[in-house]
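Here are my comments on the model, set out as numbered points for you to check against the coordinates.

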Amino acid sequence: MPYRVTRYRLLMVKDGSITTTWDRQVRQSKDVADLMAPLVANLDREHFWVLLLNGKNVVVGLNLVSIGSLTAALVHPREVFVGALLGKAASIVLVHNHPSGDPTPSAEDLALTKRLCEVGDLVGIKVLDHIVLGEGGTFRSLADEGLLGGSR
């Protein structure tokens, strides 16, 4: 009997849309914070998102990678980059919230960011920033603070 190999077809499924008041081109970290703040307002657990950008830094997609606990979200490079690869992103911006309201990045946030930047370099998708959202529109940008990691 011949050996059979399963054939696969990969698809991305559009899961709605969000409204924004800016033109979808990311020019600064505040653009991302303004877009994402309404989505993470009043969440009681960490949510980790990936914004997919084209070559002109226009947001072409948004992927929720993980919903975690009060203090952590399990994030693996495989889940971060599968959406970016399927969405044909030229670059990505990482975004997650801190339900405590304090946007200060943790040591785990910094280590994860460094790892994701390294993976991005390997697969040819730049990690432009990692935004940590706090309460009341507060945020921290690891790129603005020189903490992005990887080779930029």
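1. What is the volume of the largest pocket? In this predicted model, the largest pocket has a computed volume of about 780 Å³, and among the 24 residues that line it, those closest to its centre are D15, G16, V60, G61 and L62.

2. As for the origin of that lining, α1 (29-40), β1, β2 and α2 each contribute at least two residues to it, and β2 gives the most, with six residues.

3. The strands β1 and β2 deserve a look together, since they recur in the points below. They pair in the antiparallel sense over seven bridges, and H47 has I67 of β2 as its bridge partner. Five residues lie between the strands in this hairpin, where N57 takes a positive phi near 60 degrees.

4. Turning to the interior, the largest nonpolar core holds 19 residues, of which F48, V50, V80, F81, I92 and L94 touch the most other members. At least two residues of this core come from each of β1 (47-53), α2 (77-86), β3, α3 (107-123) and β4 (126-133). There is also a second, separate core of 14 residues, whose members include V32, L35, L51 and L53.

5. For the helix α2, the buried residues are P77, V80, F81, G83 and A84. Viewed down the axis of α2, these buried residues fall within an arc of 155 degrees, so they line one face of the helix. The elements against which the buried residues of α2 pack are β1, β2 (59-67), β3, α3 and β4. Taking V80 as one of them, and leaving aside its neighbours within four places in sequence, its contacts are F48, V50, V65, V75, I92, L94 and L116. Just after α2, K88 takes a positive phi of about 55 degrees, which you may wish to inspect alongside N57 in the hairpin.

6. Is V93, found in strand β3 (residues 91-97), buried or exposed? Its relative accessibility is 2%, and V93 therefore counts as buried, the cut-off being under 20%. Apart from neighbours within four places in sequence, V93 is in contact with V32, W49, V50, L51, L53, L128, D129 and I131. Among these contacts of V93, V32, L51 and L53 are included in the second core, while V50 is one of the residues that touch the most other members of the largest core. By contrast with these contacts, A41 lies 52 residues from V93 along the chain, and the C-alpha atoms of the two are separated by 19 Å.

How values were computed. Residues are numbered from 1 along each chain as its sequence is written. This is a predicted model: local features need pLDDT of at least 70, side-chain atom pairs count only at pLDDT 80 or more; totals for chains, interfaces and linings use all residues. Side-chain values use heavy atoms; hydrogens and water are left out. Buried means under 20% relative accessible area, exposed over 50%, partly exposed in between (1.4 Å probe, protein chains only). Contact means heavy atoms within 4.5 Å. A nonpolar core is a set of buried Ala, Val, Leu, Ile, Met, Phe, Trp, Tyr and Cys residues joined through side-chain atoms within 4.5 Å. Helices (H or I, at least four residues) and strands (E, at least two) are DSSP runs, numbered from the N terminus. The arc is that of the directions from the helix axis to the C-beta atoms. Two strands pair if DSSP finds at least two bridges between them. On a 1 Å grid over the protein atoms alone, a cavity is a set of points where a 1.4 Å probe fits but cannot get out, and a pocket is an open set with protein on both sides within 12 Å along at least five of seven lines; lining residues have an atom within 4 Å of a point. Grid points are joined across faces, edges and corners, and a volume is the space filled by probe spheres set on the points.
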